[in-house]
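Reader: Could you walk me through this structure step by step? I am new to reading models like this.

Author: Gladly! Have a look at it, and then ask away.

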Amino acid sequence: MHFPFLSVIVFTPLVAALGILLYKPEQKKAIRITALSAAIFALALSVWVYFTYDKAVAGYQFVEKYNWMPMLGISLHFGVDGMSVPLVLLTGIVMVTGVMISWGIEDRPREFFAFLFILASGVFGVFASLDLFMLFFFYEIAVFPMYLLISIWGWIKTREYAAMKLTLYLFIGSVVSLIGALVIYWTSGQHTFDMLVLETVKFTPTFQKIWFLPVFLGFAVLGGIFPFHNWSPDGHVAAPTAVSMFHAGVLMKLGAFAALRVGIMLLPEGAKFWAPLIMGLALINIVYGAFIASVQSDFKYVIGFSSVSHMGLVMMGFATLKPEGLLGAGVQMFSHGVMTALFFATVGMVYDRAHTRQIPELGGLIKPLPLVAIGVIVGSLVSMGMPGFSGFVAEFPIFMGIWRTQWLVAVIAAISIIVTASYVLLVVRRVFFGKMPETLQGHITPINTLDKIALVLLMALMIGIGIFPALMVPWVQSGVQHILALLGGA
Amino acid sequence: MTTILPILPEILLLALGILILTIDPFLKKESSRRSFLGWFTAVGLLVTLAISLLIARPAESILVVGGMLRFDWLGFIFKMFFVFAAGITSLFFMEVEALNHRAEIYFLLLAATLGMCLMASSADLIMLYLAIETTSIPLYLLAGFLKKDEKSTEAGFKYMLFGALTSAVLLYGFSLIFGFTGKTSLYDLSQYFSSFNLVAVGITFLVLTGLAFKVSLFPFHFWAPDVYEGAPTPVAGFLSTASKAAGFAVLIRLFIAVFPSLSSDWSLILAILATLTMTVGNLIALTQKNVKRLLAYSSIAHAGYAMIGVVAFSQLGFASVVFYLIGYILTNLLAFGIVSLVGSTTGSDDYPAYAGLSRRNPALGLAALVAFLSLAGMPPFVGFVAKFLVFSAAIETGWVWLAIVGILNSIVGLYYYLNVLKYVYLYRMENQDEQQHVIPVSRRVVFALAILVIGVLLLGSLFGPWFGFASKAAISLF
């Protein structure tokens with residue numbers, strides 16, 4: 001029995017959250033330090049797991065299994081494969097940087113960090129769970145704290161509306177999938193929620209065709225798939241900075257990942273049948289998201305809609321059901337997570353100082369905030385898929401995969417790259433260059449050291465993977481092999 | 001000794017009740033009475049619980065006391081939770097100014113609990129009817145206990161009128177059963193109800209009406225909101241949890257013992273009843289502005305969810321109903337405990353009274369979060385597992401549409417529970433001076449709420465062993 005890395009990673013934030021709740025509300029410093037140490041601890045373990053994961057062996061590793069409710073075949077079953085191990089790492093990174101960015105929260109930091117960490121536990125849990133019941137269990141735990149985090153600490157104008165909308169969308173999505181999961185459970189006749197066993201069950205094609213769509217779309221709601229993407233930009237904008245980072249950076253991957261793991265991996269025949277539809281929806285995501293993003297005047301809405309567009313690429317990668325597409329989607333989940341975390345962090349920094357996010361009211365911020373400007377520029381280059389950055393490593397294989405499936409779709413989707421390039425560069429120019437409006441003169445204070453560390457860490461990751469794809473691609477590759485085997489070696 | 005063991009909890013409850021009435025005249029000073037009577041009841045109930053758990057566990061299902069009661073796991077588990085709920089409720093009683101110095105309320109509480117214990121294990125029609133009346137009459141009195149409060153008087157009176165009416169209907173059903181079969185023991189009756197005929201339908205209908213009132217199933221739910229709103233809050237909490245669970249215990253036992261073969265014909269009707277109960281409860285709850293009324297409608301909806309498990313009519317189905325009710329007892333007691341506390345501090349049960357609660361008392365805010373999220377069915381609280389199990393049971397037996405209806409309903413539920421939490425966490429008091437209006441919580445309430453919060457979390461995360469008990473109860477019926 002090896003050291004239970006995954007359980008420790010999953011439960012560290014939860015324990016930290018309970019610990020934080022034991023402090024007195026006034027002990028803000030102690031609360032922040034506890035939060036940061038717990039986050040760093042979880043990140044350190046995720047880094048360890050990432051680098052000790054044996055890519056040559058592939059399959060599920062660091063497996064732990066504890067019986068939870070044997071009567072129904074529920075067990076606490078953790079394990080990571082090449083698809084999920086980068087996402088565990090991503091969660092660790094976003095957690096640490098999120099805590100750093102939220103250092104300055106003054107209104108009830110105790111509750112803020114506690115809820116944020118409960119959310120983080122849920123996210124780790126979903127990525128690591130190999131049990132269908134536990135996957136749902138953690139999924140709901142990850143979704144719910146969003147409501148409180150957005151409605152209490154969010155942007156005062158839209159937070160109530162956005163938080164309720166987000167929660168109801170995601171809850172509806174998850175319970176629709178839950179019905180599907182229960183039907184899978186009872187139909188399999190195996191009396192177990194163990195996904196490794198359920199993967200081997202051959203469901204009839206009709207069954208798979210009927211139930212794939214509810215299961216996949218139910219989860220994909222959280223991945224922001226069209227036409228259920230509507231909650232996402234509103235949610236992003238209303239959320240406080242660290243929560244937007246978590247939300248766009250990690251939570252949307254949760255939806256995509258669960259859609260892959262439960263939808264595609266358990267019901268591969270259904271996936272093959274419905275792939276064209278998913279591809280169509282994802283195409284709308286990509287193109288429509290990019291166009292909407294380009295007409296926004298609110299900095300945060302630009303990023304919010306660009307997330308919709310980029311998550312479309314992930315779904316598109318899945319829908320190709322080809323090795324290239326899946327590989328690209330896997331990398332894109334990580335790359336986009338880091339990128340949006342960076343974007344939202346910088347937007348938050350700008351807003352905290354300028355008290356506006358309206359792009360026309362901003363300008364010339366590169367002088368007082370050089371590192372923030374560099375961050376946004378790096379993020380922009382990633383988001384338009386520039387070679388040398390992680391976005392390229394992700395998007396290139398996805399487009400290869402699409403091309404092999406349906407070249408016309410690839411051509412249409414490629415439009416989004418041009419649109420993306422145009423709007424991100426425009427934002428960079430308007431916000432950071434040009435003349436600073438007089439209203440802002442003298443108000444722009446420099447960012448603090450923790451902010452700097454967070455920005456540099458996020459940038460380094462994107463450039464690192466861009467230059468050395470070998471730091472990520474082999475991991476995802478090993479996960480893709482398994483999915484392809486389930487799909488019947490397409 | 002073996003003849004006493006099965007009814008040991010009942011004997012202890014009765015002894016405790018008599019003790020309380022006996023020591024009452026010897027207590028003079030108002031303040032000492034207050035905490036003494038409450039603590040005496042609570043500790044007495046705890047002792048009852050402990051002794052029963054230690055020595056009075058059922059080994060196998062047997063008929064006892066001349067066939068009047070059945071000593072089995074179903075009855076035992078329900079009894080233990082009734083005693084537990086009564087103990088918690090007596091702690092909440094101590095917080096209510098108008099109640100806490102009266103010995104009668106503790107006695108009435110114990111009498112009602114005794115009746116419920118008998119309800120859960122009755123194996124004979126006569127015993128069953130007596131048990132139901134033993135439960136109901138003290139509850140009518142408790143609901144109308146605040147004599148000077150018009151709403152409470154109205155609640156007590158309304159509850160009694162509807163209760164008496166439905167009891168009469170139930171009794172009519174029982175007398176027809178006796179008239180047609182000449183038997184009163186539940187376990188002798190199933191052979192007479194094996195075929196679908198008009199008499200059987202009529203009897204089932206009458207009996208179902210009587211029990212539907214107890215568990216507030218549609219269309220016999222309308223008394224619940226008025227009674228819950230008017231009754232003293234801890235009484236409403238007790239009514240909505242223990243009394244409802246007792247009704248379900250009877251319902252389950254009757255359906256398995258008496259109408260097993262009818263059930264296939266009735267399951268569609270029950271499914272429709274469950275659907276209507278959930279939907280009506282949830283939709284009306286949406287429009288409420290008073291938390292007690294909200295909880296009343298939500299408790300109607302929860303009766304509907306629990307019915308899903310009955311509709312499934314399988315071992316998993318009944319086990320899930322038992323688990324659902326256990327979880328519901330814990331969660332709703334917690335919710336009513338918080339409502340009681342907020343009500344007695346602010347003097348109002350309307351939503352605005354909850355504004356800024358999380359700042360006035362962060363721990364209480366957190367407890368409210370746990371209670372309402374558990375009611376909404378979010379993990380890691382017991383509500384999630386409970387809902388999961390009933391839906392799972394429904395899907396196992398092919399009731400996919402019913403599970404979907406249940407799930408759509410739970411989304412509506414989430415919305416209105418979140419609305420309350422919005423006041424607790426998001427809105428502020430008018431002058432934003434929550435620091436000046438800290439809600440004081442006495443140690444006994446902290447104790448009671450802490451037990452409930454831990455219970456909700458424990459059953460929601462380490463649910464394996466608890467579901468084991470629930471399964472044992474379900475198995476004991478077949």
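**A walk through the two chains**

Author: Let's start with one residue: A:Arg108 has 19 other C-beta atoms within 10 Å, so it is partly exposed. Keep in mind that this is a predicted model.

Reader: Where is A:Arg108 found, between which helices?

Author: Its backbone is worth a glance, since phi of A:Arg108 is near 45 degrees, a positive value in a residue other than glycine. As for its place, A:Arg108 sits in the loop between two helices of chain A, α3 (85–101) and α4 (109–128).

Reader: Is B:Phe313 buried or partly exposed?

Author: B:Phe313 is in the loop between α11 (291–312) and α12 (315–346) of chain B, and its phi is positive, about 50 degrees, although it is not a glycine. To count as buried, a residue needs 20 or more other C-beta atoms within 10 Å. B:Phe313 has 19 C-beta neighbours inside 10 Å, so it counts as partly exposed.

Reader: Is A:His310 buried or exposed?

Author: A:His310 belongs to helix α12 (residues 299–320) of chain A. Leaving out residues up to four places away in sequence, it touches A:His336 and A:Ser383. Because A:His310 has 32 C-beta neighbours inside 10 Å, it counts as buried.

Reader: How far apart in space are A:His310 and A:Ala290?

Author: In sequence, A:His310 and A:Ala290 are 20 residues apart. In space, going from C-alpha to C-alpha, the separation of A:His310 and A:Ala290 is 8.5 Å.

Reader: Which residue of β2(A) stands opposite A:Tyr66?

Author: Strands β1 (residues 61–69) and β2 (residues 74–80) of chain A pair in the antiparallel sense, over six bridges. Their hairpin has four residues between the strands, and there A:Gly73 takes a positive phi near 70 degrees. Across from A:Tyr66, in β2(A), stands A:Leu76.

Reader: What span should helix α8 of chain A have, at 1.5 Å a residue?

Author: Helix α8 (residues 205–220) of chain A has 16 residues. The expected span is 1.5 Å times one less than the number of residues. The end C-alpha atoms of this helix are 22 Å apart, which agrees with the expected 22 Å.

Reader: Where does α8(A) bend?

Author: The buried residues of α8(A) include A:Trp211, A:Phe212 and A:Leu213. Among the elements covering the buried residues of α8(A) are α6 (159–188) and α10 (241–266) of chain A. The helix α8(A) bends by about 35 degrees, with a proline, A:Pro214, following within four residues, and the bend is at A:Trp211.

Reader: Now for chain B: how many Å separate the centres of its two domains?

Author: The domain assignment of chain B gives domain 1 (1–168 + 219–255) and domain 2 (265–478). Taken over C-alpha atoms, the centres of domain 1 and domain 2 of chain B are separated by 21 Å.

Reader: Which helix gives the most to the side of domain 1 of chain B that touches domain 2 of chain B?

Author: The contact takes 32 residues from domain 1 of chain B and 41 residues from domain 2 of chain B. On the domain 1 side, α3 (73–93), α8 (223–230) and α9 (233–257) of chain B each supply at least two residues. With 14 residues, the helix that gives the most to that side is α9(B).

Reader: How many of the 25 residues of α9(B) are buried?

Author: The helix α9(B) bends by about 30 degrees at B:Leu239. It is largely enclosed by the rest of the structure, because the buried residues of α9(B) number 22 of the 25.

Reader: Which helix gives the largest share of the side of chain B that touches chain A?

Author: This contact takes 26 residues from chain B and 23 residues from chain A. The residues on the chain B side divide into 20 nonpolar, four polar and two charged. The largest share of that side, 12 residues, comes from α16(B).

Reader: Which residue does a cis peptide bond join to B:Pro379?

Author: One cis peptide bond of chain B runs from B:Phe218 to B:Pro219, with omega near 0 degrees. In the bond you ask about, omega is about 0 degrees, and the residue joined to B:Pro379 is B:Pro380.

Methods
Residues are numbered from 1 along each chain as its sequence is written. Chains are lettered from A and ligands numbered from 1 in the order in which they are written. This is a predicted model: local features need pLDDT of at least 70, side-chain atom pairs count only at pLDDT 80 or more; totals for chains, interfaces and linings use all residues. Domain bounds come from an automatic or database domain assignment. Two residues are in contact if their C-beta atoms, placed from the backbone, lie within 7 Å. Ala, Val, Leu, Ile, Met, Phe, Trp, Tyr, Cys and Pro count as nonpolar, Asp, Glu, Lys and Arg as charged, and the others, Gly among them, as polar. Two strands pair if DSSP finds at least two bridges between them. A residue is buried if 20 or more other C-beta atoms lie within 10 Å of its own, exposed if 12 or fewer, and partly exposed in between; C-beta atoms are placed from the backbone. The bend at a residue is the angle between axes fitted to the seven residues ending there and the seven starting there.
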